[in-house]
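I opened this notebook to keep a record of what I looked up, beginning with a sheet and ending with a set of annotated residues.

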Amino acid sequence: MREVQTVTGPRAADDLGMTLVHEHVRFRDEAVAEQWPHLYDAEQELTAAVEAVAAAKAHGVRTIVDPTAMFGGRDVRFMRTVSERTGVAIVACTGIYTYDHLPMFFQTRDVDAIAELFVRDITVGIQGTEIKAAFIKCAADEPGVTPNVEKVHRAAARASRETGAPIMAHTRPASNTGPRQLEIFLEEGVDPAKIQLAHTGDTDDLDYILPLLEKGVYVGLDRYGLEMFLPLDRRNETALALIERGYAERILLSQDYCATIDWFPPEAVEQLIAGGAVREDWSMTLIFEQVLPVLRERGLSADQERTILIDNPRRWLVGS
Ligand SMILES: [Zn+2]
């Protein structure tokens with residue numbers, strides 16, 4: 001029986017149930033939060049996280065994969081509290097979420113030294129707890145696969161090779177980052193079945209998506225609600241086109257929702273919603289309300305739905 005590490009301990013892979021593969025119970029800059037804690041309201045953050053997760057649970061979600069890594073304010077004790085309050089399993093990661101910047105600490109150390117830290121999170125525990133990471137997160141965005149980004153990717157790959165943990169890579173189709181990110185993982189010998197290219201659904205260009213899928217990876221159609229990258233209707237068309245081409249077993253649906261996020265001052269968030277860049281109903285339940293009903297109407301079978309929401313997250317997590 002394969003097990004998956006959650007913030008409340010190991011769980012049988014077959015018991016994960018319906019899983020949202022990419023949501024954040026809280027996203028913030030850990031350095032700002034550490035230096036100016038008065039800016040943050042812990043009670044309000046916890047309430048928002050519990051409400052978001054409980055709403056997903058009401059739709060049958062039993063597990064949430066939260067890819068908040070270094071620079072996203074990863075805090076596994078906070079995640080554990082949210083999990084305990086809601087009864088929803090939360091799966092945490094190790095890794096570094098950077099588009100280029102690396103602290104001097106990592107600039108002066110080599111790939112293997114970084115990989116060793118990832119391995120420790122996976123095998124010993126995170127932040128002084130016994131909570132273990134179940135997967136490894138890395139990212140490439142507008143700057144592309146810079147030398148620093150490549151270093152983190154190779155560290156993620158080596159930690160994956162050593163532990164068997166899968167990888168989730170934040171990608172940016174608009175900057176064509178996915179192919180190079182995948183190439184690095186494959187150069188390092190990572191099994192494609194352990195690789196998830198997150199945010200691939202930010203494009204509906206099948207000429208970009210299909211060659212990635214042909215290599216055997218999972219792709220995230222995981223930013224439903226973030227209209228600035230691609231509107232919901234076009235995301236649905238992409239999902240349907242991929243299912244029609246036989247890739248139901250390789251796609252992952254999620255929303256990349258952040259119960260709280262400190263990236264913007266409150267008035268800027270209101271503007272993003274008012275301007276249509278972010279849907280007002282962006283949440284951990286949007287796919288149940290606005291996506292699955294449409295996909296079902298267009299022919300998504302109950303079997304395919306189970307494959308996408310239950311089997312695919314589990315198979316990616318255990319690497320098959
Ligand atoms: Zn995310």
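**Sheet and annotated residues**

I looked first at an open sheet of three strands, which has the order S3-S4-S5 with parallel pairing. Strands here are DSSP runs of E with at least two residues, helices are runs of H or I with at least four, and both are numbered from the N terminus; two strands pair if DSSP finds at least two bridges between them. Strand S3 (18–20) and strand S5 (89–91) stand at the edges with a single partner strand each, so one side of each is left without a neighbour in the sheet. I noted that the twist averages 25° from one strand to the next, where axes are lines fitted to C-alpha atoms and angles run from 0 to 180 degrees between N-to-C directions.

Before going on, I wrote down that this is a predicted model, in which local features need pLDDT of at least 70 and side-chain atom pairs count only at pLDDT 80 or more, while totals for chains, interfaces and linings use all residues. Residues are numbered from 1 along each chain as its sequence is written, and side-chain values use heavy atoms, with hydrogens and water left out.

I then followed the pairings. S3 and S4 pair in the parallel sense over three bridges, and Leu20 stands opposite Ile64 in S4. Three bridges also join S4 (residues 61–65) to S5, again in parallel, with Thr63 opposite Ala89 in S5. Four of the five residues of S4 are buried (under 20% relative accessible area, 1.4 Å probe, protein chains only), so S4 is largely enclosed by the rest of the structure.

Next I turned to the UniProt record, an unreviewed entry, which lists Lys137, His170 and His199 for "binding site"; such annotations may be inferred rather than shown by experiment. The three span 63 residues in sequence, yet no two of their C-alpha atoms are more than 12.9 Å apart, so they gather at one spot.

I looked up Lys137 and found it in strand S7 (residues 135–139), where it counts as buried at 2% relative accessibility. Leaving out residues up to four places away in sequence, Lys137 touches (heavy atoms within 4.5 Å) ten residues' worth of neighbours that include His22, Cys93, Met168 and His170. I looked last at His199, which lies in the loop between strand S9 (195–198) and helix H8 (206–214) and counts as buried at 1% relative accessibility. With residues up to four places away in sequence not counted, the contacts of His199 include His22, His170 and Asp256.

Terms used. Buried < 20%, exposed > 50% of the residue type's maximum accessible area, 1.4 Å probe, protein only.
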